[in-house]
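Q: Please take a close look at the salt bridges in this protein, and then set that part in the context of the rest of the chain.

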Amino acid sequence: MADPQPLLLNDSEPTQFQNTRIASLDVFRGLSVFLMIFVDYAASIFPIIAHAPWNGIHLADFVMPFFLFIAGISLALVYKRRPHRTQATWKAFARALNLFALGILLQGGYFHGVTSLTFGVDIQRIRWLGILQRISIGYIVAALCEIWLPAPRWKELGFVKSYYWQWFVAVILLALYSGLLYGLYVPDWQFDVSASTSSLPPIGGGDIYMVNCSVRGDLGPACNSAGMIDRYILGLDHLYRKPVYRNLKGCNMSAKGQVSDSSPSWCHAPFDPEGILSSITAAVSCIIGLQYGHVLAHLQDHKGRLYNWMCFSLSFLALGLFLALIGIPLNKSLYTVSYMLLTSAASGLTFIALYFLVDVHGHRRLTALLEWMGKHSLSIFVIVSSNLAVIAVQGFYWTKPENNIEVSQEGLQRKDYVDPPPAPLFDLAEIKLWSFYRALIAEFIASLLFLYVTVATIIGHKKQTGPCDGVGLLGIAWSFGGMIFVLVYCTAGISGGHINPAVTFGLFLARKVSLIRAVFYMVAQCLGAICGVGLVKAFMKHSYNSLGGGANSVSAGYNKGSALGAEIIGTFVLVYTVFSATDPKRSARDSHVPVLAPLPIGFAVFMVHLATIPITGTGINPARSLGAAVIYNNGKVWDEHWIFWVGPLVGALAAAAYHQYILRAGAIKALGSFRSNPTN
């Protein structure tokens, strides 16, 4: 029926029944391995995909749930026929122990990273838990459920009722997790930096740090019960040395990876994201994958499988979002219930898409590489985790050994500025803040004023009949550039002064704003633009209707390709100017730059209008084009409206990539970062 191997382990033993391999499961496993490699080595180049510092969810935070979900599916296929329970239990424990031991070897500190060919680890400082260890825990819990709690009458009762004992175990585990997370009292605690596994040197001459807690049910980095359990059971010296929460703004981590002396004490402490308590909910993820595997094992028709999987996925998605909205944060480090449900839903939906593409429609050529990676997942994981692949590549050079891919760190470490911490991709806590809604109001009003003044200027110009009457094209360009200068200056301290979905999109790609803020900003900008053009029509109705309404369209003598190119280049100039004018590196070295930032942005808008008004009327702002199109409501305008979304968004993407990864050397810094990371 399907692949009998539980996730990363390639089981060469014959199964108890003749099966046909499910290609989509191999593809999903390969996709998970690919994502693991991608987020490990590309997170510094594309910071938006890195792990969320604490609350929130990014692309990297889906990798572990994918692994656990696939392990659960595989177990349902391995034990489709009821095995001898005792023998199957011993085999499951042996496989889990092998995986656990391999995880300790790869991630316990035995390998010293790509900058050193030495190896070995102090037993007093070895890290006991990690990725493979967590998978082994989820695997054994789900395996015991499948071996000892089978479904006797699944055909009569359905999947949920037939496996009610397994669901009951999942509920008990979630209740145990919640009770420990919210019920345990966390006292004040202290730690010795010089004696712990922290990679940081003592700061300020003191080695002892005190963390004041004395709370119950706290979900912050300092005083959560998950960390307390790990400190008591595993010991502080056996936890992960560089927890991701050090990327939080409050920790003020420098470019060299050191935490500031003024940072809270807990920023210096180790914390294991694959800890004991969070492994309980991780095991539930594996049990949920087991239920998807039951559908795959017992139903033969594609429609029935897809229907049941979709019901599961949408239910988990709705429940996870509900819990997040009522205050249970999405947190990978704690593996909260909302995070577990949401990522399980994402795992299910991803598997549905791959199954539909590969097994239903047979597009295996498109995913052949991922399928191969899935069949050799454990070998790939070992090579990547031990850095053997990177070390091997570094052995190739041109003419001289110094001409390899190694990047000097001297220039990268001399920074007289601090980059702001990356914004979380998805953080529901943001919508609870008044400052968030104040920023939305600012974006709405700014867009309204911008469109009112500029479109009114266009209509006023077109009303004039004499060659020297009105403001002319130069005046129109000045109205757009001048209003941007004024409005950015007024709103920069409140909302950042975007006033343009393309600017917001570019800043989102650079991880300057979260996904939630970006989406709400774009909505506010578009609504403000529509209202602004509506005011122009209300005050100048006859002229507005007869003189084109200030709407963007392709001018006579130009084709859509030329118009699209003009919009891409024009938006590139604008967004590139925004990045350059707000660059923290320039702000740190030139104190006048923050005050003058609106001026070059306004001039960029002015210059682009001079160049592109004859071609498209100059969009470079999807909200500006949408507002005029909605109020003017002309067929030709709507037919060509896509140009004024695609062009600006592509231009913003190009500008963000150029500034972040070429001018700011994001790619080179990423290469240097993973080469110099001693835990890789």
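A: The account below begins with the salt bridges and then moves outward to the chain around them.

The model is a predicted one. Eight salt bridges are found in the structure. Four residues, Arg 127, Asp 272, Glu 274 and Lys 332, are joined in a network of such bridges.

Within this network, the side chain of Arg 127 meets that of Glu 274 at 2.8 Å, taken from N to O. Arg 127 is placed in the loop between α3 (85-107) and α4 (131-148), while Glu 274 is placed in the loop between α8 (225-233) and α9 (278-298), so this pair ties together parts that are 147 residues apart in sequence. Glu 274 also forms a salt bridge with Lys 332, again with an N to O distance of 2.8 Å. Lys 332 belongs to the loop between α10 (302-325) and α11, and Glu 274 to the loop between α8 and α9, so here the parts tied together are 58 residues apart in sequence.

Are these charged residues buried or exposed? Arg 127 has a relative accessible area of 9% and is buried. Glu 274, at 7% relative accessibility, counts as buried as well. Lys 332 is likewise buried. The cut-off behind this term is a relative accessible area under 20%, and the values for Arg 127 and Glu 274 satisfy it.

Another salt bridge has a local setting. The side chains of Glu 371 and Lys 375 meet at 3.6 Å, N to O. Both residues lie in helix α12 (residues 368-375), and because they are four residues apart there, about one helical turn separates them. Glu 371 counts as buried at 6% relative accessibility, whereas Lys 375, at 33%, counts as partly exposed.

The loop that holds Lys 332 leads on to the packing of α11, since this loop runs between α10 and α11. The axis of helix α11 (residues 337-360) comes within 9 Å of the axis of helix α2 (residues 63-78), and the two cross at roughly 65°. The crossing of α2 and α11 is right-handed. From α2, the residues in contact are Pro 65, Phe 66, Phe 69 and Ile 73. On the α11 side they meet Tyr 339, Thr 343, Ser 344, Ala 346, Ser 347, Gly 348, Thr 350 and Phe 351.

Further along the chain, helix α18 (residues 501-509) is mostly covered, with seven of its nine residues buried. These are Pro 501, Ala 502, Val 503, Thr 504, Gly 506, Leu 507 and Phe 508. Their cover includes α19 (515-539), α21 (560-581), α25 (622-632) and α27 (643-663).

The loop between α18 and α19 contains Arg 511. The phi angle of Arg 511 is near 65°, a positive value in a residue other than glycine. Arg 511 counts as buried, at 4% relative accessibility. A positive phi, near 55°, also occurs at Asn 633, another residue other than glycine. Asn 633 lies in the loop between α25 and α26 (635-639). At 55% relative accessibility, Asn 633 counts as exposed.

On the surface, a nonpolar patch of about 720 Å² is made by Leu 474, Trp 478, Phe 485, Val 486, Leu 599, Phe 603, Met 607 and Leu 610. Two helices, α17 (472-491) and α24 (598-616), each supply at least two of the residues in this patch. Leu 599, which is found in α24, is partly exposed, with a relative accessible area of 36%.

The totals for the chain give the wider setting. The secondary structure comes to 28 helices and four strands. Of the chain's 680 residues, 52% count as buried. The chain exposes about 29600 Å², of which carbon and sulfur atoms supply 65%. When contacts between residues at least 6 apart in sequence are considered, 77% join residues at least 24 apart. The salt bridge between Arg 127 and Glu 274 ties together parts that are 147 residues apart in sequence.

Conventions: Residues numbered from 1 in each chain as written. Predicted model: local features only at pLDDT ≥ 70, side-chain atom pairs only at ≥ 80, totals over all residues. Heavy atoms only, no water. Patch = residues over 30% accessible without salt bridge, like charges linked within 9 Å, V, L, I, M, F, W, Y side chains within 5 Å. Areas by Shrake-Rupley, 256 points an atom, 1.4 Å probe, with all protein chains shown as cover. Buried < 20%, exposed > 50% of the residue type's maximum accessible area, 1.4 Å probe, protein only. Axes fitted to C-alpha atoms, helices over the stretch in contact; angles between N-to-C directions. Left-handed = near helix turned anticlockwise from the far one by under 90°. Contact = heavy atoms within 4.5 Å.
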